[in-house]
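Got your viewer open? Walk me through this one stop at a time, and keep the selection box handy.

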Amino acid sequence: MATEAREDGKFLSRKMMARCSGHCHKNRNSVVQPLLTDLYQITMAYAYWKSGKTEDQSVFDLFFRTNPFQGEFTIFAGLEECLKFLENFHYSDGDIEYLRQTLPDGIEDEFFEYLSHLTAKDVIMYAIEEGSVVFPRVPLIKVEGPLIVVQLLETTLLTLVNYASLMATNAARYRMVAGKNIKLLEFGLRRAQGPDGGLSASKYSYVGGFDGTSNVLAGKLFDIPVKGTHAHAYITSFTGFSELKTRTLRHKVTGIPQDLLELSIRHRDALSEVLDISTEESSEGELAAMVSFAIAFPDGFMALVDTYDVKSAQNGVDAHPNGEVNGSSDINSNITLPNVAIECNHKTDVRPKLRCNADVECKCSDEMGRNGEPEDHARCSSMRSSRKILVGHVVLGRNRLNLLTNVGKSFRSGLLNFCAVALALNDQGYRAIGIRIDSGDLAYLSCLARQTFEQVSARFRIPWFNTLTIVASNDINEDTIISLNEQGHKIDCFGIGTHLVTCQRQPALGCVYKLVEINSQARIKLSQDVEKVTMPGSKNAFRLFGADGHALIDLMQKVSEPPPEVGQKVLCRHPFQESKRAYVIPTRVECLYKVYWRDGRICQSLPGLDQVRDRVQASLKTVRNDHKRTLNPTPYKVAVSDHLYNFIHDLWLQNAPIGELS
């Protein structure tokens, strides 16, 4: 979310502090205020007031209808921000004056006086614990209180929950496909939907299971670990050794200075023979940049190693910075591919299309099958003879090492220079951290890097060298990680930006906020689309667990019903399909709702961000793996009690119009 206010002004600019007029509270988000709403909430409030409904009591449910990302679970997030909003719900004098100027003429002055005294002290909020796995139709938040006030909360609560839950869910899915041993870093600020979206993405990706962020302000506001290295610009800003103004580095223990460039050049010469990489393939500007960065950060040296492509002329490919090439090359990964041209679809599917480019004309152009094999290339001898290929992040065949003998020349330069500088740092008592790969075939290059580190470790007898960290970035999405897993990559950490923070697979969760009761009378919204029919009345929700410890079903009941009991048979019914029903004998029953807000104050001790983050992983463990898998997951069951089922359908019949045939 946007910059949080602090009473001491630590998190606010002076201009923003002046605007607070003494009303700022610790950890309050300065953007989240009553005017962060849709205009029709204010106009409805006036119409309610004009109709004499100021004393009416209501119940609203906030829920979603479908899980995001074609999955079968969602992570609930944003509750703490909702509670802060309630805590600070008040229209300032400036807000009232703005509304006077903005609302249609004819609004009575008494209404603005009424608004100026509104607070959330008479509101009661029930909610599921933040960080919990949640499912469609079960209200995440239930709000009770005066109709006008509860109506005015709608838009703000939705904006606080929708993106937070979507972002946490997206991050949790990345964490599941990456596995628990791989580090995940959020690198999305520059691609996020503005600064407020960028801060929210950093916060809720951490909640969902990421290990850190590149966003410095998010680190300050939310105490999230901040990570980062350098860009290609730093490497290309050096053209040669002469630009190194500082070349010496003192030993970490003895303090004796040494020329780090000389040490690096000496090690580069030795490594050239060990790794079978000519020093002519090494960029001097790149080596100078790495030496400079190592001197600046000797205890935190991590280098970007794919800046320059210095392929030899015999390969028929020209050298360009940033890995751009001319010649017969894979456009995604800078791989020289004899007699094969590649077309890749980078929108949502990492599986490429193939087009033969042999010495003889070939008409074949088929999309890849699901198992990674061409669907119909039997008639194409040139494709058969190509022995398949490695493209982007997808393995298309077995003999990739034979075919890729000329691959990764730009990477070879960076790898040689990095190892040379890392060995020089070792001479001075420091340990390098690792490398980042931002382009090319990530699976192949990570394996090449790990093999190189192991060679250096063995040759120079430096045990820690083979455990250097390999970070990969480059427009990574969920499918990319799945594909890399299948290829046996050696990546230790993924830096993920665009696909994570923009939630490209699904841009919105679609939470809604519906009136279900007024003055103790249940209300139902009917629709020809059954999915949009609301669950009437104030309800409780319970999660029932089976003998294996996993969640079996979520059950909604009327608040007047006794809760289900362990060991007692419970009839669970589909809310709208009469024949879908089952008996459940739970081994554990969890009440999903807690009262979080009552009498104008927060009623629960709110967990810290790390605790919410732990809650996500603990809650996910209670859900069976088939509900969480990425391909064709099993839908989790959400049911209503027999009593609530009958109540819904009786109310439905009472409110549904009776047609007439003529």
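What follows is a tour of the sheets, two helix pairs and one residue of a predicted model.

**The whole chain**

Start with everything shown as a cartoon. You are looking at 21 helices and 29 strands. The chain has 662 residues, and 54% of them count as buried. If you count contacts with a separation of 6 or more, 71% are between residues 24 or more positions apart.

**The parallel sheet**

Now pick out the open sheet of 6 strands, which pair in parallel. What is the strand order in this sheet? Reading across, you get 9-8-19-18-17-12. For the edges, select 212-213, which is strand 9, and 302-304, which is strand 12; each of these pairs on one side only.

Next, zoom in on residues 183-186 (strand 8) and residues 493-496 (strand 19). These two run parallel, with 4 bridges between them. Click on Leu 184 and look across to strand 19: its bridge partner there is Phe 494.

**The antiparallel sheet**

Hide that one and bring up the open sheet of 7 strands, where the pairing is antiparallel. The order here goes 21-20-3-7-5-27-28. Strand 21 (521-522) sits at one edge and strand 28 (601-602) at another, each with pairing on one side only.

Select residues 512-518 to see strand 20, which is antiparallel to strand 21 and joined to it by 2 bridges. Which residue of strand 21 is the bridge partner of Glu 517? Select Ala 522 and you have it.

With both sheets visited, one reminder: strands in a sheet pair through backbone hydrogen bonds, in either a parallel or an antiparallel way.

**Helix 8 against helix 19**

Switch to helices. Colour residues 194-208 (helix 8) and residues 609-621 (helix 19); their axes come within 7 Å and cross at roughly 50°. That angle is why helix 8 counts as oblique to helix 19. Show side chains for Lys 203, Tyr 206, Val 207 and Gly 208, which are the helix 8 part of the contact. From helix 19, add Leu 609, Asp 610, Val 612, Arg 613, Val 616 and Gln 617. Colour the residues of this contact by type and you should find 5 nonpolar, 2 polar and 3 charged.

**Helix 11 against helix 16**

Move on to residues 260-275, helix 11, and residues 442-460, helix 16. Their axes are 11 Å apart and the packing angle is about 115°, so helix 11 and helix 16 are roughly perpendicular to each other. Turn the view to check the handedness: the crossing of helix 11 and helix 16 is right-handed.

Which residues of helix 11 meet helix 16? Select Ala 270, Leu 271, Val 274 and Leu 275. Facing them from helix 16 are Thr 452, Gln 455, Val 456, Arg 459 and Phe 460. The residues in this contact split into 6 nonpolar, 2 polar and 1 charged.

**Last stop: Leu 263**

Stay on helix 11 and click Leu 263, which lies in this helix. Is Leu 263 buried or exposed? Its relative accessibility is 6%, so Leu 263 counts as buried. Ignore the neighbours within four places in sequence, and the residues in contact with Leu 263 are Gln 258, Ala 424, Asp 427 and Gln 428. To finish, draw a C-alpha to C-alpha distance from Leu 263 to Val 291: the two are 28 residues apart in sequence and 9.9 Å apart in space.

Key
Residues numbered from 1 in each chain as written. Predicted model: local features only at pLDDT ≥ 70, side-chain atom pairs only at ≥ 80, totals over all residues. Heavy atoms only, no water. Axes fitted to C-alpha atoms, helices over the stretch in contact; angles between N-to-C directions. Parallel < 35°, antiparallel > 145°, perpendicular 65-115°, else oblique. Contact = heavy atoms within 4.5 Å. Nonpolar A, V, L, I, M, F, W, Y, C, P; charged D, E, K, R; others polar. Left-handed = near helix turned anticlockwise from the far one by under 90°. Pairing = 2+ DSSP bridges. Buried < 20%, exposed > 50% of the residue type's maximum accessible area, 1.4 Å probe, protein only.
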